[in-house]
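The following exercises ask the reader to work through elements of a structural model step by step. Each task is followed by its solution.

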Amino acid sequence: MGDNPKPKTEKELKKEAAKAAKLAKFEEKVQKRQVVATAKESGETKEKAPKKEKEIVEVIYSATTKPGEKKDVSGEMPSAYAPRYVEAAWYEWWEAEGFFRPEYGGRDLSKENPKGSFTICIPPPNVTGTLHVGHALATSVEDTLTRWNRMKGKTTLFNPGCDHAGIATQVVVEKRLQREKGLSRHDLGREKFIEEVWQWKNEKGHIIYDQLRDMGASVDWDRAVFMMDPKIMRAVTEAFIRMHESGTIYRSTRLVNWSCTLLSAISDIEVDKKELPGKTLLPVPGYAEKIEFGVIISFAYKVKDSDQELVVATTRPETMLGDTAVAVHPEDPRYKHLIGKMCQHPFVKRELPIVGDEFVDREFGTGAVKITPAHDPNDYEVGLRHKLPFITCITDDGFMTKDCGQFAGMKRFDCRKEVLDALEKLGLYREKKDNPMVVPICSRSKDIIEPILKPQWYVKCDEMARRAIEAVEQGELKITPDFHVATWNRWLQSSRDWCISRQLWWGHRIPAYFITVTDGKTPAGDPADNKYWISAHTEDEAREKAAKKFGVDPKFIGLKWDEDVLDTWFSAGMWPFAIFGWPENTGDLNAFFPGAILETGHDILFFWVARMVFMAQELTGKIPFKEVYLHAMIRDAHGRKMSKSLGNVIDPRDVIRGITLEELQRQLDSGNLDPKEIATAKAGQSRDYPQGIPECGTDALRFALMAYTSQGRDINLDVLRVQGYRFFCNKIWQAIKFTLFQLGKEYQPEAIFKLTGTESETDLWILSRCAQTVAMCEQGMVTNNFTQATTAVYNFWLYDFCDVYLESVKPVIFHGTAEAAAAARRTLYHCAETGLRLISPMMPFISEELWQRLPKRPSEKALSIVIAEYPEPAQYPFIDKTLETRVAFAMDVIRQVRSLRSDYELINKVKTELILCFLSTKDLDALKTLESLVLTLTYSSKVTMFATDDKSNKAPEKGCSRVTLTSSNATSICNIYIPLEGIIDIAKERSKLESKKGKLDGQIAKINELQAKADYETKVPLGVRANNQEKKETLEKELHSLEAALLALNV
């Protein structure tokens, strides 16, 4: 035993060095305490220096590895997991080796892979900004699925890309132009402005791709697509022309969501619906003072040739200048006799017919409704039914039109006040009341949305919606979680035609031309009339088509290219097939379309997902993907929506690398928030991240997000909890470090792992747990139940492998027989290597780093864990549920003993005898062969086991801590005795525990008092309430443990 092998000597030297370092730190602490004590004695009352944070030595990979070269792992492992060290160099090597390309290994994409294929397209993030944790969640899910399928041997493609984000990008560039050059886009002109946008895109566009690399996204960068790339522009143009010529796209004048600031129609998703409880003052762009909303105004219209009047109510008094009728219910006895008569408008020469319409709610308000067909969706429908005039009273830029009499030319909300004053002077004003309401606000400009009549391009959606519903009903398209199917059906059944034109300069310009025919015979057309529009790839093509349509010589055709661009969602709807070269029949289109799955947030189920199904079915005759997986929406720890103005939007890189509070707040200063929003955001950051955000690393962030991915609607993400998964990474790191040391440098695993019959029960148990974990991961990944997969690998690594097996195997390797030690090493390697492959899809960096350090089986041909085989349940026929039940009982005993030892503050070096008395011989037999496991994990000097009917053994009567344990499955009972005489002073111990109990009682009482307050649920933030409850539960658990320890001492 004196001649230890070299590795052990090195280990001992390291231990000695570590002990020396600890001793030095301890002596330093002692000296500091002496200084403090001296200061106290001398009466010094200097202000306490701020407590220093524990210094973390940053470990950085320093080998001279060139970009794209394989990382050098021949050196010594750092003492602890260090994210920056682990993540260095791997991604560049993966990319250089081509692991992410579906053609890797010379695969012919034209030939079918017998193992299958997997395609997923990244939902293209907006080029305007950076990824936040919501994107990080999506990327984690998408990449985990991709890596898992790749390890399954499938032909795999994760296709990256970026959206041009029409309105968002134009707004950002316009703001920059104004800020830096004092110019508007109109000062530059369309062509020069587009050049500015491209310059901005080329400066900023790489940021998102860099973030995806930091997240470890295994995308094929050679196939990256930007939504304004030539092939996408060609595809979008072709799609518009086909759909216009088939009649699916048409021109019509209808109400749109209009932003007077952007001078454009915007989509519903770009409208924030702000709920107001009543009277509220809101800021509006272009107005120095806030504008009043959340009130309803009543005023009267005089009935012509009568002394009667009709009192109507409105939340937008300025729109009364566009009123063209008053509606009542046709069966309302109060007004039935007035139907057909006229009201006189008080400010313009206009008579308003009183019409009967069943849409009027007789019980609401006065039962009479003012009708403004050109500025309200409901009134628009009434106007169509009764053939009323449609009078626009608000201009595109938010001023009152020339039809508004004395109010013409006023700004719309200035006019609101003037109209009310004028009504009052005429004696027509009746009252103003608080009115809970929803105000539509443009998410980009923060302007109040105006419904305005505009000639626009529309897509007919009825038939496409029917096909999309049918695809889900027939199982052609699966939506997960399935409770979203009801939303899908509801939206599609009530879907209206889709407005696709936007009055912007940045985007896909609509390939349509307004035709004028100068042959002297053909009448001039109206821009709202679809008949006078031709869609074409070029002007020459448009001229030829128009000449043919109108039967004239091309020389008589005049063309004006539509200046509008397409809604961003139009090109986004073509994403799954346009990126592969449609309309050409390319190899990629045949190989990768339709995709396997789309992963996105449920908030864009209709705006994007449905439209992709629409466009794919319309243009290709196929559904774009087989499944839609909708992840939950991420909110902050308080349950609030992520918002820049609240300061709770988190850049995933800040979680990966860590960031101070000061740096977080500097980011706010460099953003686009106004000073008041910055102050609010900084206050929120100071409250939530007083110490900043700790460095967690990519693997911890990915794993945390995957663990959070329950199939619900919301995730309240506490970023600081992600740090717990960094500690998990360190557990894995230490486990592999231990494994490597125990295996030794010369260890060579066999080609295939098989049982030899020399394995101990503990070996067989960990193999069973490993097999169960493989099965659980397989089931979780197949069903997209990622929480099941993360829970399975977490429990295996932390509780089974690290806490139990590694501890139990030490004495076997150090002191067991050669045969037992060999079996333990084989089992150790097999479980560790399997465990790394199981976590690889979720935690790519640490799994690669550690897998590369493990010795390889002769049968292992993969250069990287990225392309290694994922563990298959059939390869792990080791499940033994009976053995697992027995070990679970043993662990119940071990945990109880450890709890008691902890309560009595017995350190691991203090060995105690352990006596276990079972109520049945069956329970004794279950644990008897696991005695060495119990001995090792309870830090006992000796374990005695017997059953109550064993006359030769008797339970001790005094000087012991005693507790009765019922197993976790409630089938076994065991009395546990720990002799404490001579180890602790029982009287003192009881006194100490009583004191602790009193303190715990007090702490729990304080929380109960706080929670009992009447306004606790309404005034205390959700995050604080959750923390309080968690703290209380921890204290109660500790109290329960103390009470058990006290009871045990009463023997």
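**Exercise 1. Burial and pairing of strand β5**

Task: Determine how many residues of β5 are buried, and identify the strands with which β5 pairs.

Solution. The model is a predicted one. Eight of the 11 residues of β5 are buried, and the strand is therefore mostly covered. Next, consider the sheet to which β5 belongs: it is open, has four strands in the order β6-β5-β18-β20, and is paired in the antiparallel sense. The edge positions are taken by β6 (264–265) and β20 (498–499); each has a single partner strand, so one side of each lacks a neighbour in the sheet.

On one side, β5 (residues 249–259) is joined to β18 (residues 450–459) by 10 bridges. Within this pairing, I249 stands opposite V459, and R251 has W457 as its bridge partner. Two bridges connect β5 with β6, again antiparallel, and here W258 stands opposite A265. The two strands β5 and β6 form a hairpin with four residues between them, and L263 in the turn has a positive phi of about 55 degrees.

**Exercise 2. A parallel sheet**

Task: State the strand order of the open sheet that contains β27, and find which strands stand at its edges.

Solution. Three strands make up this open sheet, in the order β19-β27-β26, with parallel pairing. The edges are β19 (478–480) and β26 (595–601); each has a single partner strand, so one side of each is left without a neighbour in the sheet. From one strand to the next, the twist averages 20 degrees. Three bridges support the parallel pairing of β19 with β27 (residues 625–631), and in β27 the residue V628 is the bridge partner of I479.

**Exercise 3. The buried face of helix α8**

Task: Decide how the buried residues of α8 are distributed around its axis, and list elements that cover them.

Solution. Begin with the residues concerned: in α8 (residues 206–214), I208, Y209, Q211 and L212 are buried. Viewed down the helix axis, the buried residues of α8 fall within an arc of 155 degrees, so they line one face of the helix. The covering elements include α4 (133–151), β3 (161–162), β4 (225–226) and α19 (652–657). After α8 comes G216, which has a positive phi near 80 degrees.

**Exercise 4. Salt bridges and accessibility**

Task: For the pairs D688 with R687, D803 with K731, and K810 with E807, give the N to O distance and classify each residue as buried, partly exposed or exposed.

Solution. The whole structure contains 64 salt bridges. The classification requires two cut-offs: under 20% relative accessible area is buried, and over 50% is exposed, with partly exposed in between.

- In the salt bridge of D688 with R687, the closest N and O atoms are 3.7 Å apart. D688, at 17% relative accessibility, is buried, whereas R687, at 46%, is partly exposed.
- D803 and K731 form a salt bridge with an N to O distance of 3.5 Å. This pair links distant parts of the chain, 72 residues apart: D803 lies in α25 (residues 786–815) and K731 in α23 (residues 719–743). D803 is partly exposed at 27%, and K731 is partly exposed at 33%.
- For K810 and E807, the closest N and O atoms of the salt bridge are 3.3 Å apart. Both residues lie in α25, three residues apart, which is about one turn of the helix. K810 is partly exposed at 27% relative accessibility, and E807 is partly exposed at 27%.

A network of salt bridges also links R101, E103, D220, D222, R223 and D588.

**Exercise 5. The nonpolar cores**

Task: Which element contributes the largest share of the largest nonpolar core, and which residues does L916 touch?

Solution. The largest nonpolar core has 166 residues; W797, F801, L836, I846, Y904, L916 and I976 touch the most other members. Its largest share, 14 residues, comes from α25. Leaving aside residues up to four places away in sequence, L916 touches V893, V934, V943, T944, M945, F946, C974, N975 and I976. There is also a second, separate core of 74 residues, which includes Y532, F606, A610 and L619. As general background, nonpolar side chains in soluble globular proteins tend to be buried together.

Technical notes: Residues are numbered from 1 along each chain as its sequence is written. This is a predicted model: local features need pLDDT of at least 70, side-chain atom pairs count only at pLDDT 80 or more; totals for chains, interfaces and linings use all residues. Side-chain values use heavy atoms; hydrogens and water are left out. Two strands pair if DSSP finds at least two bridges between them. A salt bridge is a side-chain nitrogen of Lys or Arg within 4 Å of a carboxyl oxygen of Asp or Glu. Buried means under 20% relative accessible area, exposed over 50%, partly exposed in between (1.4 Å probe, protein chains only). A nonpolar core is a set of buried Ala, Val, Leu, Ile, Met, Phe, Trp, Tyr and Cys residues joined through side-chain atoms within 4.5 Å. Contact means heavy atoms within 4.5 Å. The arc is that of the directions from the helix axis to the C-beta atoms. Axes are lines fitted to C-alpha atoms, for helices over the stretch in contact, and angles run from 0 to 180 degrees between N-to-C directions.
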